[in-house]
Amino acid sequence: MGIKINDLMQQSGVKFGTSGARGLAEAMTDQVCYTYTKGFLQYLEASGELKKVNGASRSVAIAGDLRPSTGRIMGAVAKAAADMGYVPVNCGRIPSPAVALYGLQNVCPAIMVTGSHIPADRNGIKFNKCTGEILKFDEEQIREQVVDVDESIFTDAGFALPEEDIDARIDYVRRYLRTFPEGCLQGTKIGIYQHSAVGRDALIEIFSGLGADVTPLGFSNVFVPVDTEAIRPEDVALARQWAAENRFDAIISTDGDSDRPLIADENGIWLRGDVAGILAAKYLGADSASTPVSCNTALEKCGWFKDIRRTKIGSPFVVASMIDATFAGHKAVVGYEANGGFLTNSDLDIGGKGLRALPTRDAVLPVLAILLLSIKERKPISRLLAELPQRFTASDRIPDFPTEESKKIIERFNEVSAIEEAFGGAFGKVESIDRTDGLRVTFASSEILHMRPSGNAPEFRCYNEAGSEKRVLEMQRQAMEILLKMKG
């Protein structure tokens with residue numbers, strides 16, 4: 001039986017995009033996951049990126065997060081790779097950037113089974129080419145693949161995974177322990193909020209290995225949907241409590257697949273990802289920074305960076321922008337997102353040692369960079385923040401909101417008059433409009449409202465920026481009230 005990937009999207013309800021395939025775990029059957037994986041590998045073969053060397057089988061790296069459904073899906077992915085003549089390498093439960101790094105080092109596809117921050121009843125599969133993340137062009141070509149599937153191979157028993165290979169995890173930890181100076185975090189006291197993040201043990205190993213006094217916090221055997229872009233109220237309260245009780249220099253954590261960081265200052269206040277990205281880029285000496293249009297404009301106002309590039313939201317757009325920056329001759333090219341994901345497209349010099357480029361989201365590097373900036377400048381993290389141009393951002397989302405309905409809301413605002421009718425009472429006159437991704441409105445007050453459908457979940461996202469934390473939170477509340485009324 002042959003099925004086109006684009007048709008599979010409609011039939012299964014498991015949507016495919018540059019973040020991979022995502023849907024309800026019960027909809028991500030073995031057959032659906034097997035078919036998606038074959039479609040991805042077929043595309044790599046057709047594009048010439050994946051070919052057997054002298055007739056020998058190539059490897060396909062596979063890893064996953066800690067969701068209940070992940071092991072079963074990894075088995076289906078491994079079966080698809082094996083049936084196409086490749087050797088599935090079970091890298092175990094490790095961070096997304098760890099398996100991506102393994103793929104880059106071994107020039108093989110890397111597949112991560114994860115739903116990232118979304119609830120445990122959902123899951124996903126993220127595909128990386130031998131050369132890095134899939135981009136929009138790759139997505140379009142994968143959708144066109146027609147895959148032959150033998151339905152008789154699928155049973156309730158599922159598929160077994162090969163024995164676990166620990167090399168990918170070891171290499172990821174060594175990436176930091178061998179590059180950053182021994183004992184560089186000596187004297188710092190760090191809390192690590194573990195919850196159900198797949199990289200929780202690796203975080204302890206890396207940060208304690210660099211000399212920090214580490215305290216594990218909040219371990220959970222139940223999956224916790226920590227979203228670094230919309231931090232839960234309970235996590236806000238926990239960080240403040242832990243900071244007050246332990247006098248940490250910082251508290252760090254990640255989302256479920258440990259590619260997006262969370263870092264709180266010594267007071268237990270979580271940093272916004274787009275502010276963390278600015279500080280990390282400064283420490284790393286970046287001469288080019290690529291970031292989505294939704295991110296804090298303190299990036300431009302600080303004056304630290306020679307080249308700044310604004311993109312659509314999503315790591316593939318940031319990766320494409322970084323590639324362009326490298327071709328333009330920039331030597332220290334980085335990118336970051338509002339969710340905290342930090343990417344590099346240049347090999348960086350860290351105290352005389354080279355840190356290989358990793359053009360996919362990574363949670364460890366930005367946290368390390370901010371801690372080391374704090375040590376270098378002899379300032380607590382809160383002071384580093386205070387010395388930035390004071391632009392504050394906030395974001396929220398309306399869950400269970402179909403993409404089609406989100407688009408209808410955006411379409412209502414084709415004219416400035418319609419925007420001012422809906423939001424003018426709260427935010428004033430419109431100064432400019434940016435439609436790079438959704439609708440981003442700058443008002444005469446320099447306050448910003450940005451609305452867009454989520455690219456990887458049925459959610460409607462809303463971002464705001466203002467000159468004070470109090471004001472941006474008020475803007476966020478007002479914007480959400482208006483949007484919820486539109487939802488009906």
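Which residues of α9 are buried? In this predicted model, the buried residues of α9 are G273, D274, V275, A276, G277, I278, L279, A280 and A281. Helix α9 covers residues 273-283, and 9 of its 11 residues are buried, so that the helix is described as mostly covered. Just after α9, G285 adopts a positive phi of about 70°.

The overall fold was examined next. The protein contains 16 helices and 24 strands. Its radius of gyration is 22 Å, close to the 23 Å given by the globule rule for 488 residues, so the protein is as compact as a globular protein of that length. The C-alpha trace spans about 60 × 55 × 45 Å along its principal axes. Of the 488 residues, 58% are buried. Among contacts with a separation of 6 or more, 68% join residues that lie 24 or more positions apart. The exposed surface of the protein amounts to about 19100 Å², and carbon and sulfur atoms supply 48% of that area. The protein carries 56 positive and 65 negative charges, and the mean positions of these two sets are 3 Å apart.

Nonpolar side chains in soluble globular proteins tend to be buried together. The largest nonpolar core of the model has 68 residues. The residues with the most contacts inside this core are C91, F180, L185, F207 and I263. Helix α12, residues 364-377, supplies the largest share of the core, with 9 residues. A second, separate core holds 39 residues, including I5, V77, A78 and C130. For C91, the contacts beyond four places in sequence are with A61, I62, A63, V99, Y102, E164, D165 and A168.

C184 was considered separately. This residue lies in the loop between α6 (167-177) and β10. C184 has a relative accessibility of 15%, which is under the 20% limit, and therefore counts as buried. Apart from residues within four places in sequence, C184 is in contact with L210, L372 and I375. C184 and L484 are 300 residues apart in sequence, and their C-alpha atoms are 48 Å apart in space.

Two serines were also examined. S96 is found in helix α4, which covers residues 96-106. With a relative accessible area of 5%, S96 is buried. When residues up to four places away in sequence are not counted, S96 touches M112, T114, D257 and D259. S96 and L271 are 175 residues apart along the chain, and 22 Å separates their C-alpha atoms. S294, in turn, is placed in the loop between β14 (288-292) and α10 (298-302). S294 counts as buried at 6% relative accessibility. Leaving aside neighbours within four places in sequence, S294 makes contact with D274, I313, A338, R440, H450 and Y463. One of these partners, D274, is among the buried residues of α9. The C-alpha atoms of S294 and D274 are 8.8 Å apart, and the two residues are 20 positions apart in sequence.

A charged residue in a loop gave a further case. R67 is located between β4 (59-64) and α3 (70-83), in the loop that joins them. R67 has a relative accessible area of 1% and is therefore buried, the limit being 20%. Outside its neighbours within four places in sequence, R67 is in contact with R93, T114, G115, S116, H117, I118, P119, A120, R122, N123 and F223. T114 is thus in contact with R67 and is also touched by S96.

Positive phi values were found in residues other than glycine as well. H195, which is not a glycine, has a positive phi of about 35°. H195 belongs to strand β10, residues 189-195, and is buried with a relative accessible area of 0%. D400 has a positive phi near 50° and is likewise a residue other than glycine. D400 lies in the loop between β20 (392-398) and α14 (403-411). At 58% relative accessibility, D400 is over the 50% limit and so counts as exposed. Of this pair, H195 is buried, whereas D400 is exposed.

Methods:
Residues are numbered from 1 along each chain as its sequence is written. This is a predicted model: local features need pLDDT of at least 70, side-chain atom pairs count only at pLDDT 80 or more; totals for chains, interfaces and linings use all residues. Side-chain values use heavy atoms; hydrogens and water are left out. Helices (H or I, at least four residues) and strands (E, at least two) are DSSP runs, numbered from the N terminus. The radius of gyration is taken over C-alpha atoms; the globule rule is 2.2 Å times the number of residues to the power 0.38. Buried means under 20% relative accessible area, exposed over 50%, partly exposed in between (1.4 Å probe, protein chains only). Contact means heavy atoms within 4.5 Å. Accessible areas come from the Shrake-Rupley method with a 1.4 Å probe; for residues, only the protein chains shown count as cover. Lys and Arg count as positive and Asp and Glu as negative; His and the chain ends are not counted. The place of a charge is taken as NZ of Lys, CZ of Arg, CG of Asp or CD of Glu. A nonpolar core is a set of buried Ala, Val, Leu, Ile, Met, Phe, Trp, Tyr and Cys residues joined through side-chain atoms within 4.5 Å.
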